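Work through the three exercises below with the sequence and structure open. Try each task before you read its solution.

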Amino acid sequence: MSEASTTDTTTHGTVAAAIEICDLHKSFGTTEVLSGIDFRVDRQEVVCVIGPSGSGKSTLLRCVNRLEEATSGRILIDGINICDPDVDLDPIRRQIGMVFQQFNLFPHLSVLKNVTLAQTLVLGRHAEAARTYALVQLDKVGMSNKVDAYPGQLSGGQQQRVAIARALAMDPEIMLFDEATSALDPELVGDVLAVMRDLASDCMTMMVVTHEMGFARRVADRVVFMADGHVVEEGIPVQLLESPREARTQQFLQQVLRPMED
Amino acid sequence: MSKRARSIAIQWGIFAVGLGAVGAVLYSTVSWAKLGDAYFRWDVFKAQFPVMITEGVVNTLFYTFIAFTGGLVFALIAATMRQSQVVPARWLATTYVEVLRALPALLTILLVGYGIKIAFSDYEIPGFFNQNYGKGGLALALVAGAYMAESIRAGLQAVPKGQTEAARSLGLSSRQTLRRIVMPQALRIVVPPLTNEFVLLLKDTSLLYVLGVTVGERELVTIANQARSASFNSTPLTAAAVCFIAITLPLTYLVKWVERRTEMRTR
């Protein structure tokens, strides 16, 4: 794999962004879900993507590690264009941790095995080293007392924290969160958000698709609002969430921030 | 009497009256003495053993084993081919599955059993395939493979897509994902239908009697039927029935036990 051939110099000079997306289009059949997205996440930046359901924000996130194939456009991860069909995806995917709405823990493996499996298979760590490192990560998310449990025995919030530990154990450079708290009971959301906040304060590069406006306001460096497959508006949290310029953004924020007043 | 107790009493009443009526009809119409003499002669029953076990049970299990292992191989190949990117490979596998499921097992046994010798008449057929073991085993394996291919495909599809996505996003290759994540989960889903197929196969070995009756290769039903015509008494059939029940029933319960155990571990 010749990395030199796939490395592009970005518009921002020699230092490549963690994620840079240029004119991304994605269609499912005849329906266009993403219509020309330009998007950027810098190193150590936390970007929250918000927007109504069906706006394409999850699809955008899933394009970043190519769980969805883009129809056209470019996606650069650390300067490497992952839309290039010749690029070897596995080493790039292992730098990108992903946390899913449905947790997707492996139900046939214990908590510990969930966190060690990819370390040994992909990174070639020895069993003992992987175990030690898994315990460190599980401790970070407050789950080190459940190492021998199976996912089915855990609550949703506990499963999601294990899923975060599983991703962190791979030492990712970027973490993607796809509505990580949307499938949780309300009283369990806080624990998961706290873990994500800790991660942000550890300077992790994060792209977070979320409906949690409070989290976006307090933790994000930048908030991006999407609707109908477009990036409508982006800015620092205070500006975007409190004095949005676009009518579409204002309308959305009114709906989510004051749902009871209608 | 409470409403519930009355309803239960009525159900018992219906059961007793029904049983009594059927019993009375059977008692007055069936020639019990003749039936008992034909099917339940203790001396004839005893005379079936040990051959019925040393040859019959042993061969029945052996045919089942050949057919099941062969069938599993065919099924895995067919299930993989049905997910292939190569379209003709998918067609071929689908044709195999659909055709063999459309035919009665007995016809497949006759087709394969008599067909092998003619198809390879230019060659010296190795002993195994000249025997019922090879011919019958292959025929049953083809049948079982078609049914099991469907079960395996359903099992693979029942594993949520998110499992593959999670594994791939951790950097596992597609082969590692299949082997470590998808297969183990699919296997658990597939074990009950496959053991069910095993039991069906065990019973279908009885159809192999159409391929001939060489002593030594006979399974339970062939032995029983031969003994029946030789002794002018049907008790050998009863003996074969007892043997089948002795194999099949414990197997069914074993499967239920295994199922419950795997469920407890994952829940």
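A salt bridge here is a side-chain nitrogen of Lys or Arg within 4 Å of a carboxyl oxygen of Asp or Glu. The model is predicted.

**Exercise 1. The interface**

Task: Describe the contact between chain A and chain B, then test the pair B:Arg168 and A:Asp90 against the salt-bridge rule.

Solution:
- Start with the residues: 24 of chain A are in contact with 21 of chain B.
- Next, the area. About 2,000 Å² is buried between the two chains, and carbon and sulfur atoms give 58% of this.
- A:Phe106, A:His108 and A:Leu121 supply 29% of the area that chain A buries against chain B, more than any other three residues.
- Now the pair. The closest N and O atoms of B:Arg168 and A:Asp90 are 3.5 Å apart. The cut-off is 4 Å, so the pair forms a salt bridge.
- The count between chain A and chain B is 2 salt bridges.

**Exercise 2. One methionine**

Task: Is B:Met52 buried or exposed, and what does it touch?

Solution:
- Locate B:Met52 in helix α4 of chain B, residues 51-82.
- Its relative accessibility is 0%, so B:Met52 counts as buried.
- Set aside neighbours within four places in sequence. The contacts of B:Met52 then include B:Leu220, B:Ile223, B:Pro236 and B:Cys243.

**Exercise 3. The largest cavity**

Task: Give the volume of the largest cavity and the make-up of its lining.

Solution:
- The largest cavity holds about 50 Å³ of space.
- Helix α7 (186-201) and strand β8 (205-209) of chain A each give two or more residues to its lining.
- Sort the lining residues: 6 are nonpolar, 4 polar and 1 charged.
- Among them are A:Phe177, A:Glu179 and A:His211.

How values were computed:
Residues are numbered from 1 along each chain as its sequence is written. Chains are lettered from A and ligands numbered from 1 in the order in which they are written. This is a predicted model: local features need pLDDT of at least 70, side-chain atom pairs count only at pLDDT 80 or more; totals for chains, interfaces and linings use all residues. Side-chain values use heavy atoms; hydrogens and water are left out. Helices (H or I, at least four residues) and strands (E, at least two) are DSSP runs, numbered from the N terminus. Buried means under 20% relative accessible area, exposed over 50%, partly exposed in between (1.4 Å probe, protein chains only). Contact means heavy atoms within 4.5 Å. On a 1 Å grid over the protein atoms alone, a cavity is a set of points where a 1.4 Å probe fits but cannot get out, and a pocket is an open set with protein on both sides within 12 Å along at least five of seven lines; lining residues have an atom within 4 Å of a point. Grid points are joined across faces, edges and corners, and a volume is the space filled by probe spheres set on the points. Ala, Val, Leu, Ile, Met, Phe, Trp, Tyr, Cys and Pro count as nonpolar, Asp, Glu, Lys and Arg as charged, and the others, Gly among them, as polar. Buried area is the accessible area (1.4 Å probe) that two parts lose on being put together, summed over both.
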